[in-house]
Amino acid sequence: AVVSTQSTGQTEKAFQKQPGVFLNKKKLVGAKVSKTGKDVRWTKNVGLGIKTPREAIEGTYIDKKCPFTGDVAIRGRLLRGTINNMKMKRTLTIRRDYLHYIKKYNRFEKRHKNISAHVSPAFIDLNKGDTVLVGQCRPLSKTVRFNVLKVIATSAADKKKFSKF
């Protein structure tokens, strides 16, 4: 776990804070305090060769479902998909295309699955059509079981075409 600075960026009605971070101005043992004497911020490395985004380290957001600053462990599968929908708050839908073999006709058919994934405020500039890496975590809501970990490729075009070819 790494500790860095944060200012009070409250956007919700209820006071948001990171659990385990003492917000008084006292000196914490082993904690880095900024030159301006601001509060401390807790971040972690999710592992699996994925770097913590700079916005997660230097940002001021509070998100308990963020894999870098919240209480969510990434375990299980890592999946890659294209952003399909970004109309929900801090949640997006990715589309995963695949081919299914039909033995009778000795051919493949195109299929797809949509997966809901939580997107941390650390990823500021995501757009429809971007390719992202998501990691499996505990259930965050009724349909969300994945968390965005990395933006792999950005795309200017927003197409609903089969992306295997």
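# Loops, rings and core contacts

Q: Where is R90?
A: R90 sits in the loop between β3 and β4. Helices here are DSSP runs of H or I with at least four residues, strands are runs of E with at least two, and both are numbered from the N terminus.

Q: Is this a predicted model, and how are residues and side chains handled?
A: The model is predicted; local features need pLDDT of at least 70, side-chain atom pairs count only at pLDDT 80 or more, and totals for chains, interfaces and linings use all residues. Residues are numbered from 1 along each chain as its sequence is written, and side-chain values use heavy atoms, leaving out hydrogens and water.

Q: What is the phi of R90?
A: Near 60°, a positive value in a residue other than glycine.

Q: Is R90 buried, exposed or partly exposed?
A: R90 is partly exposed, with a relative accessible area of 27%. The cut-offs are under 20% for buried and over 50% for exposed, with partly exposed in between (1.4 Å probe, protein chains only).

Q: What about L48, what is its phi?
A: L48 has a positive phi of about 60°, and it is not a glycine. L48 lies in the loop between β2 (39–43) and α1. At a relative accessible area of 57%, L48 is exposed.

Q: Step back. What's the overall layout?
A: The protein chain reads β-β-α-β-β-β-β-β along the sequence. That is one helix and seven strands.

Q: How much of the chain is buried?
A: Buried residues make up 36% of the 165 residues.

Q: And how much area is exposed?
A: The chain exposes about 11,000 Å², with carbon and sulfur atoms supplying 52% of it. Areas come from the Shrake-Rupley method with a 1.4 Å probe; for residues, only the protein chains shown count as cover.

Q: What share of contacts is long-range in sequence?
A: Among contacts between residues at least 6 apart in sequence, 59% join residues at least 24 apart. A contact means heavy atoms within 4.5 Å.

Q: Which residues touch the most others in the largest nonpolar core?
A: L92, L126, V132, V134 and V148, in a core of 27 residues. Such a core is a set of buried Ala, Val, Leu, Ile, Met, Phe, Trp, Tyr and Cys residues joined through side-chain atoms within 4.5 Å.

Q: Which elements give two or more residues to this core?
A: β3, β4 (91–102), β5, β6 and β7 (146–153).

Q: What does V132 touch?
A: Leaving out residues up to four places away in sequence, its contacts include I83, I94, L126, V148 and I152. R80 and K150 are among them too.

Q: Switching to rings. How many aromatic pairs?
A: Two. Rings of Phe, Tyr and Trp (its six-membered ring) pair if their centres lie within 6.5 Å; planes under 30 degrees apart are stacked, over 60 edge-to-face, and the rest tilted. F68 and F123 form an edge-to-face pair, 6.2 Å centre to centre and 65° between the planes. This pair joins distant parts of the chain, 55 residues apart: F68 is in the loop between α1 (54–58) and β3 (78–88), and F123 in the loop between β5 (107–118) and β6 (131–136). Both F68 and F123 are buried.

Q: Why is the pair of Y101 and F108 tilted?
A: Because the planes of Y101 and F108 stand at 55°, with ring centres 5.2 Å apart. Y101 is partly exposed at 39%, while F108 is exposed at 56%.

Q: Which ring does R41 lie over?
A: Y61, at 4.6 Å from the ring centre. The rule wants NZ of Lys or CZ of Arg within 6 Å of the ring centre and within 35 degrees of the ring normal.

Q: Now R95. Which side chains does it meet in β4?
A: R95 is in strand β4. Its side chain makes a polar contact of 3.0 Å with D97 and another of 3.5 Å with H112. A polar contact is a pair of N or O atoms within 3.5 Å; within protein, one must be able to donate a hydrogen and the other to accept it, and residues adjacent in sequence count only if both atoms are side-chain atoms. R95 is buried, at 13% relative accessibility.

Q: And E109, which side chain does it contact?
A: The side chain of R111, at 2.6 Å. E109 is in strand β5 and is partly exposed at 30%. E109 also touches Y98, L99, H100 and I102, not counting residues up to four places away in sequence.
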